[in-house]
Each structure stands twice: as structure tokens, then as C-alpha cells.
Amino acid sequence: MSVVWDFFKVNETDKTQAICNLCNATISRGGTSAKSFNTTNLIRHLDKEHKEEHAKFQERSAEKGRQPQKRVLKQTTLDSARPYSRGSEKARGGTRKLMEFIVLADLPFNIVENPAFQRLLAYFDPRYLLPGHTYCGDAGLSELHRDVYSHVESLLKEDSPSISFTTDIWSSDVSPMSLLSLTAQWIDSKFKLRAAVLHAQEFRGAHTAAALVAKYDNMLQVWQIPRERVHVVLRDNAANMARAMREAGLPTLPCMAHTLQLAVHDGILAQRMITDILATGRRIIGHFKRSPQAYCAFHDVQQQLGQDVKKFQQDVTTRWNSSYYMLQSLLEQRRALAAFGAEHEVPASFSSNQWRLIDNVIKILEPFEELTRGISSSTASAADVIPSVMALKRFLSRDAPSDHGVGTTKAELLRAVTRRFDGIENEPLYTLATLLDPRYKDRCYSAELKAHTQGLLLDLLAAQVGPDEGQGPGASNTDEPAEKRTRPGSLSLLLGEIMHEERPQQATTAVSQLNLYLSEPVILQDADPLAYWRANQDRFSALTTAARAYLSAPCTSVDSERLFSTASNILDDRRSRLSAMAAHAHHVLLVYTLALPPCDPDSARQAQTQTNYCVSKLLSPLRQTFPLISTPFPEEVSVCLLMPVRQQLSTCRVMGRVPVKDAGELEMLLETASSGYHWPPCSDCKEPGVTLSFTANIAATAHSCRFILHNISRIRPYLTQKVVEVLVQALSIF
């Protein structure tokens, strides 16, 4: 406490004020809560009104600062310095968190043998013994996988009448392994979007449609998901995948991102003048990639021109937006490239007409890039497909000043989009999802399509909503905005135009809830449709089941793409021998590990490993020979008592390296060995064989330590704490 309180006291009626003991003045404590209180105002009051007392305050504060701080040592017993047993709650909890850390960070299991990692954990808790990498890869990973599997299984069985899936195939570059993915996505009763990785299964042999059908049947059987609950499966545009879905009788949709990739490639990237520009851009960027000297000189030019130092972006042929980003980075560095080319040699360059063409192509592709980012988000759904394609067509059909030189390209891109997305308005999975999305409803449909889609929805609701249900007036829509606005961006602007165009009301035979829902205005484009249904599910109770099913469908297979991006981090050059089952366990754990409920120590499986048994058996003779140690010792001293044994264990590589078949064989060796046991050279660590004596040596050492500690305890009252520490440390070295 500050010395200033010798001259003040807290106001009992107002804790934010202090009363001066000298003049009874009320002074603010500098805040309204205990966290913001300070003594600045009190010190200023003393300095201004009471000079003599302020001098006393400064003198007392200086004297208090010169007083030596007492070192408080934590007193503990020898038991508190022993390592945790493997079956203890602390050890099991630490191992659990260790496994979650390894899985979520995509780390190799041998991280537990990294000396720096071991030192880090020993600093925080020296009593925790790290498990071996074999245990982490086998028992630890399997146990965590079982818990996550049970958790996901319970979520799937709770209240998910319809589940949407994504699937894809991936082949590793560093391992002869192909994986088939299956991810699930559904909306629970609280209108919260859920997602889980169900399978990352090895796919051996030819990737034929028949083989895929067998795999999908097995996956659904493993999770006990009937086909009636499968709402849709999102897959890529490969012919074998589409045929497999048809033969399996599963409702399916193509990935919108893949379809968009094909449309942009057909409309722009396949044209000769664009391919020439892309080839020239790759030559320029490749020159700087291969020459660090050229890159350094280019950075100097950027700094001289006052530009931000940026690197060029190389494109990838399978991602059209990477070509867009490459052209964009080249256009941003146009001045720097011109200045660099005036003094240095460049393998290629653009003409002025090509620079104008690059600028116009970027403007054409900008709405496509905006759409790609939007549909790649985790909240994008199948309801976004029809409105987005309609907005793209409207953009491509309008004339703009930037069309000079690219009018033909723009027209070809419009034909490619129309051809690739032909028939989406005849797909109920799209039309019903758009109708049930409060951001769109039926604003995108013509009168004929509007009537047809509403009829399809009424067929689904016929068994749920009777002709006389839901006639009462509903509560006001709390999600309705006071004023409509659109997000910035060309595509969003066009979507806003479509959503708010006045359309004549068409006579339909819809039930009252559907009529009421469609008669209300749409919500904002950046609003959450699930939040709308969460707030209005009582008003539109007959529509909620259909909304949960159709809004759960994603519009892309991005979840599987992200899964395989993680797979490339797991199956790298250092872990090319990792089995497919271990990779599958890794993937399933990634999504739901952090969402698991707290682990119950009583029900958790107690892992008994050789390391656990070695430590407990080797330390037991030492623990039994110290009955005199009843007086608590500082923690630093207690840790020293076990240091020789730990060093002996580490030297002999007992921690996870004992070459015995099981714990029973080790127990027999420990109980019968009187002079010692010789271990042959270890095939794993390549160290020479060693001989470690158990009973005789430890008993003799314990007897000597017991005698010396007894003498130290007798003279303890006459020694300082530092001397005691030095004596015990010397004993441990001895």
C-alpha cells in the first residue's frame, strides 16, 4: 500500500473519493472502479496544500524503497517433487492437451523428443513426464480420435433431419497415397451451422464410378446415416464423380467454384491474345524468381519511386484467380518495371496496347474474383448460385467504357457463363434454397419460375402445414431493416438492383405462412439468413424444417479442398510414411477437438506405458528410504534429491527406450536383479549398450543420503537457507 494513505482515508459513502486527514477535503481517486483508482490526485493535493506533509511522504516513500525485499521460498515435501504418475489426473490432462496441440498444429509426433520442447515443458512443470512418440502416434491419437468420433456421432444423431456433404479425391506428391474425403454440414435446431470431417479415407486402385459407389456406401454405413437424410453431395465436375452419384442414387450438385473456373477458362484464358499476355507475365516474374540480384535491384527501384515493396504473384494453371492476381500485381508495378527495364535487362515486356488490355481484362474479371471469394466462405450456400449467376450475366451484357478492345472477349465470356450454368433454374436444390433464403426469396425469378418454385415448396410442406394452419397474424419481423443499402463492389451493386426491383404481385395458391414470408421485404445482403430464421422460426414454423435442409447445402466443395490443404501439411517430406489411418484420424480431429466437452478423469483410459513403469519402479526404493524427511524443504532443494536418478534414467535411455517386450518382463528383471542388468546397443538411438544396477546401488546410495540428510537436519537451525541448499546440492552431485 502506498505511503500516501497515512494522510488520507477512503470515503465510506463514496468509494471513488478520498478524505484528507489534515483538512477534510474530498479528493477524487481518479476513476470509477477499483481497477482505475490511483493516488496521483492525493499526492498533488499534499504537494499543493500541505508542503510539510508532502516532504514526509517523499521521505517515507524513499525509505520504503530502500528496504530489502524478503525472498519467499515455497515450502514443500519430497512427494511434491516426484514426477506425476501416468495414471494421475494431472498427467492424463497434460497428455490430453499435448495431443490436441500436436493435432491442431499439424506437428510430427517426434516433437516430444525435441530438446527445446522438452526444456519448455520442464520449465513450466518439471514433474510432468512427456510420453514417447510411439505412444502419441498409437495410443494417444487413437484415444483422442475415439472421443472426437463419439462427440461428432452424438451431434449427427441429435437433431439433424437433413445433412449436406462435400467430397473430393486427392493424391499426395510425397507418398503413393490417394485420399477420398467426406465432410458433413447441417443446421441444428437452434439454426446454427455445424460442420465435421467424417472421412479422409485411403482410396486404392482405379478411381472408377463403381469403386466410388462402394466407398460412399461404406462411409454412410459407418456413421449410420440413412440415404433419406442425405440432402445433397457437392462434388467436382469430373465425369467419374458425377456418374458415381447417379449410380449411388444420391442427390448431387457440381462445385460452383469449379464451374466458374471452367467458364473463365473458356471465355478468356483460352483466347490467344490473353494467353500471350499470361506467357509474357510468367517470363517476367520467372526472371525475378530465379535471380535474387534482379529482385534486389527491383526493390531498390520500388523504394526510389516511393512505392511499397511488393513481390510478384505467380499464377497456377488450375486456379483462374491466380492469373487475375498475377496480372493485377504486374499492373501495380508498371512504373517500377519500366524504370527497371531502362537500366537492366528484362527477358520480355508489354506494349502499351497490352497494358491497356491487361487493365480492361482485370476490370472484367473483378466481379468473378469477388464472387469466388464470396462462395469460398464457410457461410456460402446453394442459395447464392442463381442470384450470383444472374448478376454476372447482367454485368457481362452491359456496355462499359472499359470494353474497348475486349468487347469480343466479354461476349465470349457471357456465352461461356450461360453454357456452363445452363439449367440451374430447373434444379430444385437451387431454386428452393434461393426461395428460402430471406436475402433473395423469389425476387430473382420470373413469374413462371416463381409459381413453379412455390408449387415445389408447397408439395414439401403439404404433410407439415394444413390448409387452416398459420392464419393468425405473426409478430413483427425484428430483422427487417429500416433502410435498404447495398455493399460496395460491382457484383453486390448488381445484386442489390435485382433484389429491390419492383415486380408485379402474382396470384398463387400458397399457404398463409408462405404468403406472409414472401410478402415481407428481403433482408440486407450482408445479413445472416440463419439469424433471420432463428428469430422467426415461431412465425414460420411450417417452413423451418425445409429451411434447415436447403440452407445447409454449400455451393462449393471448398471444405474438402481445405481438408486436402491440411493433408499436404501433414503428409510432407518428414512424414511421407504416415499411414492413411493416422492421416484420417488427424483430419477428423482438426474440426471438433476444441469443441469437445471437458475430459472426465474417472472415465478416461489410463495409459500404462514402459516409461511410466520404469520411472515408478526405479524411484520406489529411493522413496522408501527417506522416512526422516518429515520437515518441509524448499522446492528447489527437493528437486535436487531426485536429480541423480533422473540423470541415470536419461543416460541409460530408459525413458521410452527400454528394449523389453512388456511391463511384466521389466517387473521380473527389476525384482530379481541384484547386481545389475545389461542392455545391448539400442537399434533406434544407435547408442552403445549400458549396464544399470538397481537394488544394490540404489539402496547403498539411499542409505548414505539418509545419513547425511539426518545430520543436515540436526544442524539446520544454525545454518542459513543458502548453506542448506549448497549442502543438499553437493549431496546430489555426490
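Lys441 is buried in the predicted model, with a relative accessibility of 0%. The residue belongs to the loop between helix H16 (428-435) and helix H17 (447-461), and its phi is near 55°, a positive value in a residue other than glycine. Most residues other than glycine have a negative phi. The charged end of the Lys441 side chain is placed over the ring of Tyr517, at 4.5 Å from the ring centre. Tyr517 is in turn a member of a cluster, linked through ring pairs, that also contains Phe191, Tyr532, Trp533 and Phe540.

A positive phi, near 60°, is also found at Asn24, again a residue other than glycine. Asn24 lies in the loop between strand E2 (17-20) and strand E3 (26-28). With a relative accessibility of 59%, Asn24 is classed as exposed, whereas Lys441 is classed as buried at 0%.

A further placement of a charge over a ring involves Lys410, which lies over the face of Phe395 at 5.1 Å from the ring centre.

Aromatic contacts were examined next. A search of the whole structure returns 19 aromatic pairs. In one of them, the ring centres of Phe288 and Phe312 are 5.5 Å apart and the ring planes meet at 35°, so the pair is classed as tilted. This pair links distant parts of the chain, since Phe288 is in helix H9 (residues 272-290) and Phe312 is in the loop between helix H10 (292-304) and helix H11 (320-332), at a separation of 24 residues. Phe288 is buried, with a relative accessible area of 0%, and Phe312 is likewise counted as buried, at 4% relative accessibility. Another pair, formed by Phe298 and Phe340, has an edge-to-face arrangement, with 5.9 Å from centre to centre and 80° between the planes. Because Phe298 lies in helix H10 and Phe340 in helix H12 (residues 334-343), this pair ties together parts that are 42 residues apart in sequence. Both Phe298 and Phe340 are buried.

Charged side chains were then considered. Side chains of opposite charge can pair when their charged atoms come close. With a side-chain nitrogen of Lys or Arg required to lie within 4 Å of a carboxyl oxygen of Asp or Glu, the count comes to 25 salt bridges. One of these joins the side chains of Asp266 and Arg419, with a distance of 3.7 Å from N to O. Asp266 is part of helix H8 (residues 256-269) and Arg419 is part of helix H15 (residues 407-420), so the salt bridge ties together parts of the chain that are 153 residues apart in sequence. Asp266 is partly exposed, at 24% relative accessibility, and Arg419 is partly exposed as well, with a relative accessible area of 46%.

Two further salt bridges are found within helix H13 (residues 352-375), one of them between Asp359 and Lys363 and the other between Arg373 and Glu369. In the Asp359–Lys363 salt bridge, the closest N and O atoms are 3.9 Å apart, and the two residues, 4 positions apart in the helix, are separated by about one helical turn. Asp359 is partly exposed, with a relative accessible area of 27%, as is Lys363, with a value of 39%. In the salt bridge between Arg373 and Glu369, the closest N and O atoms are 2.7 Å apart, and these residues too are 4 positions apart, a separation of about one helical turn. Here the partners fall into opposite classes of accessibility, as Arg373 is exposed at 51% relative accessibility, whereas Glu369 is buried with a relative accessible area of 7%. Elsewhere, salt bridges that share partners join Arg96, Lys97, Glu100 and Asp147 into one network.

The confidence of the prediction sets the context for these features. The mean pLDDT of the protein is 76, and 69% of its residues reach a value of 70 or more. Over residues 465-489, pLDDT stays under 50, and the model has 41 contacts beyond four places in sequence for this segment. Over residues 580-695, pLDDT likewise stays under 50, and the model has 211 contacts beyond four places in sequence for that segment.

How values were computed. Residues numbered from 1 in each chain as written. Heavy atoms only, no water. Buried < 20%, exposed > 50% of the residue type's maximum accessible area, 1.4 Å probe, protein only. Phe/Tyr/Trp six-rings, centres within 6.5 Å; stacked < 30°, edge-to-face > 60°. Lys NZ or Arg CZ within 6 Å of the ring centre and 35° of its normal. pLDDT = per-residue confidence, 0-100. Contact = heavy atoms within 4.5 Å.
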